[in-house]
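Trainee: I am new to this structure. Can we go through the labels and ask what earns each one?
Mentor: Yes. Let us start with a single residue.

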Amino acid sequence: MTELHRKLRTQERVLAAHTDAIPLAVPPAAAAPARLRAAGAWAEREVTALHRRLALAQAADPEAPGAPATSVRWATSDRHEVPGRSTATAATAAAAGRALAERLTRPGPDHRDRDRLTDTVAVLGRRADDPGFVTGFYDRLGPTGLAMLLHHLFDPAGPARARPAQAAEVLGRGLATYSRVRVLNDAWLGRFSRQGRAGEVETSLLGPLLGHGRFSRQLLERLGDLMFGTAHGSLRDVGLLTGPRGGMRSGPWSARAAHREYAATLLRAIAADPRLAPSFASRHLPHLLHASRLVAELPPGLRPPGDAWSTALEPARAALLAAAGGAAAQRASPAAARQFVVRLVEMGTAGPPGRISPHLRAAYGQVLHVWRDDLHAAITSPLPADRSRPDAPGLGLATSQWAALLRESLRGGASAPLLAADAVTAAARIEEQAWLGTGNYNRPEAGHYPASPRTLAYHQANEIVAFFGTALVDAAEAELRDHAAALEQHQRRTAVLLDILAETAKSIDVTSLVRTLVNLGTGLTVEIVEDRVRRATANLPTERSRAVLAALRVGLHVLPGWQDQYRASVTQLWRHRGSSPLRPVRVDTGGGTTRVYTGDPRADGYITGPADDFLGPGNEPIAVEAMTPRQRSAYGAWLASPAIVANNDRLPSVLGAPPADVVPGWGPAWARAQSPGDRGLG
């Protein structure tokens with residue numbers, strides 16, 4: 001509705017000129033401009049009413065983030081939509097809000113500022129979800145007045161520090177409602193400072209508010225761009241002004257701490273919006289990942305400027321990454337979430353060298369858990385990764401890229417049980433589906449097949465478990481290597497320190513200052529001190545863990561490049577079908593019905609027309625890289641069809657599979673038709 005209204009206003013003159021030039025019988029052409037202006041006024045009123053009703057509905061939703069615990073007071077709503085009543089109700093509420101702001105900002109003769117603030121918070125708290133009331137209140141207060149009020153409330157040295165939590169909740173809920181009714185654009189933000197200087201935004205003052213209520217997506221995104229320094233325009237995030245003009249009495253270090261708290265709250269507010277989180281995190285992913293890498297353990301005085309090195313921000317950064325690839329974002333904004341996960345997998349292990357923070361590793365694990373089906377599809381698909389299509393199996397990513405992110409997640413430890421359960425569950429599901437899809441294929445009259453039609457499924461299940469197991473072993477061995485290197489470095493440092501301390505300790509003679517000064521130059525050792533410290537820094541017992549990992553690696557069976565070999569074997573099988581016909585496979589599909597697979601992609605329904613026909617000249621599969629998405633999908637399904645798998649006698653060598661199952665009646669028909677005594681020797 002807002003967009004239509006904007007277009008109407010933009011095109012009003014053009015449309016009016018056109019209607020004036022066109023003779024209309026009924027109604028007259030002269031009335032067209034008036035009709036357009038009336039329609040524009042009507043649209044403006046409707047947009048205001050719709051914003052109001054939307055804000056009220058969102059506030060009443062108990063599942064919405066930041067929704068009040070109590071029920072919404074509908075005394076000023078237009079829920080019945082009585083003609084003429086909603087506008088009057090909204091105007092009355094707005095007037096009441098303006099009056100409250102007037103009482104707050106008017107200088108009082110008794111200077112009872114604390115009581116006046118307490119009364120304001122109490123009244124606003126009762127109507128913080130009323131769009132009309134908060135519009136009047138914040139319109140009258142203005143961005144500069146709001147900045148002054150927030151500083152007055154939340155400055156640690158200010159006079160109104162009595163109930164900051166309640167004030168933050170009430171003002172946050174009210175401002176959240178206001179942000180969804182009014183567009184808080186650059187013009188509004190540019191005056192959000194105590195001095196009202198154009199372009200300077202004291203964003204830290206919003207920190208206590210952003211954790212309450214559902215703020216507009218546009219405002220959160222704009223604040224986030226300002227924080228990361230990627231916003232276009234004349235605005236500048238000054239955090240919190242200090243000094244005589246800023247009036248911040250608690251000093252610059254408190255201003256820096258306030259900005260860190262604001263940044264963390266803002267990141268969590270963005271993470272709480274499943275439509276904003278994936279696109280915002282994807283756009284700022286390089287900064288988020290670089291800031292979360294602990295390149296070196298530097299003292300605070302040697303760290304680069306900014307909040308990138310603040311450990312206080314790390315949980316919020318990780319929460320944003322986890323939310324951007326979380327289940328809520330996957331449902332609310334699937335394309336943006338998918339794009340974010342692709343970027344995360346591509347960039348998650350390609351950043352600057354350094355140790356990944358535990359919070360970031362846990363976030364990786366949460367994303368991998370949500371997108372586990374795509375991870376497992378990348379492992380099991382017989383087709384190569386299609387990097388041109390993020391909606392392809394595995395999101396178009398190579399297994400090596402998924403493996404790198406999985407290893408980093410496992411090194412954090414927190415996600416290991418969850419991801420292990422995902423792998424085992426997926427493997428079991430693949431095998432179960434293979435059994436359900438090929439029921440009773442080996443009935444006595446079926447004869448012998450070179451392979452079981454379940455062989456490929458068994459291999460795919462094994463690939464998932466082996467893939468996870470290999471990543472687990474790699475992560476554990478990397479931890480052991482880091483432990484050994486750190487321990488060796490620590491022991492060398494300890495040895496040097498011990499030598500210095502031992503020489504100094506042995507040189508002290510309490511009975512003679514002269515001998516003490518002489519001994520300090522000779523250097524002796526203290527065996528007992530050295531022995532105690534060295535025993536305290538001895539090797540941790542890792543032998544058992546190493547043995548378990550070694551046994552696990554031996555048991556893992558990974559076949560790199562099996563997809564290429566398998567596709568080549570199917571092509572050979574299909575190419576020689578004239579001299580070696582494919583034997584049909586009849587399976588039970590449930591409900592007493594059966595289905596016969598012939599191996600022919602057209603007869604079996606994998607090719608239904610030109611759009612998914614993957615066979616080229618010579619009636620052989622064309623190159624996978626030249627296939628369209630529909631052709632690739634049909635080709636992948638045909639490669640895993642029961643008849644193709646069952647007739648493929650190259651599977652034992654291609655997949656390292658065990659010999660085919662021996663079932664009753666395994667011999668060919670001509671051999672089973674006669675007994676051994678009936679066969680002649682000539």
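Trainee: What makes P131 count as buried?
Mentor: The model is predicted, and in it P131 has 2% relative accessibility. Buried means under 20%. The value falls under that cut-off, so P131 counts as buried.

Trainee: Where is P131 found?
Mentor: P131 is found in helix 5.

Trainee: Which residues is P131 in contact with, leaving aside its neighbours within four places in sequence?
Mentor: They are R52, A55, L56, T177 and V181. Contact here means heavy atoms within 4.5 Å. Look at R53 too: its C-alpha atom is separated from that of P131 by 8.3 Å, though the two residues are 78 apart along the chain.

Trainee: Which residues touch the most other members of the largest nonpolar core?
Mentor: That core has 102 residues, and L124, Y138, L150, L175, F192, L320 and W402 touch the most other members. Helix 5, residues 131-154, gives the most to this core, with eleven residues. Another core lies apart from it. That one has 32 residues, among them V587, Y597, L615 and L651.

Trainee: Why are helix 16 and helix 18 called oblique to each other?
Mentor: Helix 16 spans residues 358-370 and helix 18 spans residues 399-410. They pack at an angle of about 130°, with their axes 8 Å apart. Perpendicular runs from 65 to 115 degrees, and antiparallel needs over 145. An angle of about 130° fits neither, so the pair is oblique. The crossing is left-handed.

Trainee: Which residues make that contact?
Mentor: Helix 16 brings R361, Y364, G365 and L368. Helix 18 brings W402, L405, L406, E408 and S409. By class, the contact has five nonpolar, two polar and two charged residues.

Trainee: Why are helix 17 and helix 19 oblique to each other?
Mentor: Set the angle against the limits again. The axes of helix 17, residues 372-380, and helix 19, residues 416-437, cross at roughly 60° and come within 11 Å. Parallel needs under 35 degrees, and perpendicular starts at 65. Roughly 60° lies between those limits, so this pair is oblique.

Trainee: Is the crossing of helix 17 and helix 19 left-handed or right-handed?
Mentor: That crossing is right-handed. The contact is made by R372, H376 and T380 of helix 17 with D422, A423, A426 and I430 of helix 19. These residues divide into three nonpolar, two polar and two charged.

Note on methods: Residues numbered from 1 in each chain as written. Predicted model: local features only at pLDDT ≥ 70, side-chain atom pairs only at ≥ 80, totals over all residues. Heavy atoms only, no water. Core = buried A, V, L, I, M, F, W, Y, C linked by side-chain atoms within 4.5 Å. Buried < 20%, exposed > 50% of the residue type's maximum accessible area, 1.4 Å probe, protein only. Helix = DSSP H or I, 4+ residues; strand = E, 2+ residues; numbered from the N terminus. Axes fitted to C-alpha atoms, helices over the stretch in contact; angles between N-to-C directions. Left-handed = near helix turned anticlockwise from the far one by under 90°. Nonpolar A, V, L, I, M, F, W, Y, C, P; charged D, E, K, R; others polar.
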